[in-house]
Amino acid sequence: MKTLLHACCGPCSLEPYKLLAAQGHDLTIAFMNSNIQPRAEYDHRLATLREWADASGIPVVEGVWDACAWRAEAGHITAEGGPREDRCRHCYRLRLTEAAAWAAAHGFEGLSTTLAVSPYQLFDICHEELVAACRPFGLVPVWQDFRPYYPEATRESRDLGMYRQNYCGCVYSKAEAEEERAARKRARAAERARREAELAPLRAAEEAARAQKKRERAAYDAKQRAKKAARKAARAQLKAQAAAAAGADGAAHAG
Ligand code: SF4
């Protein structure tokens with residue numbers, strides 16, 4: 001089947017491409033991601049994708065980067081205090097609808113997305129949006145759970161030296177990812193402090209036992225030294241007495 005694979009980035013494309021190609025899909029990759037901010041980040045992700053795709057002989061088509069359209073469709077939701085789920089739903093909608101329209105206009109039969117590989121995406125919402133995007137164009141939504149392959153995609157993209165971004169794409173996701181990393185760091189620090197507090201009495205007891213052993217050892221050594229000194233003094237006294245006795249004998253003989 002002639003299938004358009006919507007791709008969010010190079011690393012996320014590796015495993016879905018491999019799996020779909022193995023299933024017989026005739027694939028073209030579509031980079032249609034008006035969500036990515038700033039523009040330099042968008043360019044970096046696209047260049048990373050192209051470098052791998054060009055080397056692998058995979059065709060790539062690019063959409064229009066339209067930050068205003070993304071704000072109007074999805075970004076305003078968070079700006080107005082709406083939940084992330086709504087924002088992401090509309091973000092998927094914008095990108096997948098663009099991909100579906102392009103696929104239909106260029107004779108494709110199916111549409112898939114690499115978003116289904118990332119455990120950070122909203123899997124079910126993304127699925128619903130893919131189905132909805134395909135429906136008006138009569139496309140087959142090619143939806144598979146690629147998430148079990150995410151660790152492999154991570155490993156392979158590292159091996160290939162690919163650029164790996166640390167946030168989903170939009171400005172909000174950047175702030176959210178930074179906050180999540182900071183929260184994880186705080187949680188790790190709190191866990192370390194908790195473990196330290198738990199171990200502190202044990203360490204204090206060990207320290208006290210070590211100090212007691214040291215004191216006992218010092219007392220034993222002092223006792224041994226005193227015994228040695230006493231023995232030495234006794235030997236010296238015996239020697240002196242023997243010398244004195246020998247002196248007295250000598251004087252008696254001389255008399
Ligand atoms: S977090 Fe990702 S999917 Fe959600 S709105 Fe931002 S860029 Fe789109």
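I count a residue as buried when its relative accessible area is under 20%. The model I am reading is predicted.

**Entry 1: helix α1**

I started with helix α1, which spans residues 14-22. Which of its residues are buried? I list L14, E15, P16 and L20. Next I looked up what covers them. The cover includes two strands from early in the numbering, β1 (2-6) and β2 (26-31). It also includes helix α2 (39-56), strand β4 (110-113) and helix α6 (150-159). Just past the end of α1 I noted G24, with a positive phi of about 100 degrees. Most residues other than glycine have a negative phi.

**Entry 2: E15**

E15 caught my eye, being a glutamate in helix α1. Is E15 buried or exposed? Its relative accessible area is 4%, and the cut-off for buried is under 20%, so E15 is buried. I then checked its contacts, leaving out neighbours within four places in sequence. E15 is in contact with Y149, E152, A153 and E156.

**Entry 3: P16**

P16 follows in helix α1. Its relative accessible area is 0%, so I log P16 as buried. Leaving aside neighbours within four places in sequence, I find P16 in contact with T114, V117 and F146. I also took a C-alpha distance here. P16 and Q144 lie 128 residues apart along the chain, yet their C-alpha atoms are separated by 8.7 Å.

**Entry 4: S112**

I moved to strand β4, where S112 has its place. S112 has a relative accessible area of 0%, so this serine is buried. What does S112 touch, not counting residues up to four places away in sequence? I find T3, L4, L5, H6, L20, V142 and F146. L20 is one of the buried residues of α1. F146 is also on the contact list of P16.

**Entry 5: a cis bond**

I checked the peptide bond from Q37 to P38. It is cis, with omega near -10 degrees. P38 lies in the loop between β2 and α2. For background, most peptide bonds are trans.

**Entry 6: the ligand**

Where does the ligand sit? I find it in the largest pocket. Around the ligand I list N35, W70, R87, C88, C91, Y92, R95, Q121, C168, G169, C170 and S173. Which helix gives the most to this shell? That is α4 (residues 84-105), with 5 residues. By class, I log 6 nonpolar, 4 polar and 2 charged residues in the shell.

**Entry 7: the pocket**

The volume of the largest pocket comes to about 760 Å³. Its lining has 33 residues, and those closest to the centre are Y120, Q165, N166, Y167 and C168. C168 is also in the shell around the ligand. Helices α4, α6 and α7 (171-254) are the elements that give two or more residues to the lining. By class, the lining has 16 nonpolar, 7 polar and 10 charged residues.

**Entry 8: Y163**

I closed with Y163, in the loop between α6 and α7. Its relative accessible area is 24%, which lies between the 20% and 50% cut-offs, so Y163 is partly exposed. Not counting residues up to four places away in sequence, Y163 touches P11, E41, H44, R45 and T48. I also looked at Y163 against P119, 44 residues apart along the chain. Their C-alpha atoms are separated by 18 Å.

Key
Residues numbered from 1 in each chain as written. Predicted model: local features only at pLDDT ≥ 70, side-chain atom pairs only at ≥ 80, totals over all residues. Heavy atoms only, no water. Buried < 20%, exposed > 50% of the residue type's maximum accessible area, 1.4 Å probe, protein only. Helix = DSSP H or I, 4+ residues; strand = E, 2+ residues; numbered from the N terminus. Contact = heavy atoms within 4.5 Å. Near = heavy atom within 4 Å. 1 Å grid on protein atoms, 1.4 Å probe; cavity = no way out; pocket = protein on both sides within 12 Å on 5 of 7 lines; lining within 4 Å. Sits in = over half its atoms within 2 Å of the grid points. Nonpolar A, V, L, I, M, F, W, Y, C, P; charged D, E, K, R; others polar. Points joined across faces, edges and corners; volume = space filled by probe spheres on them.
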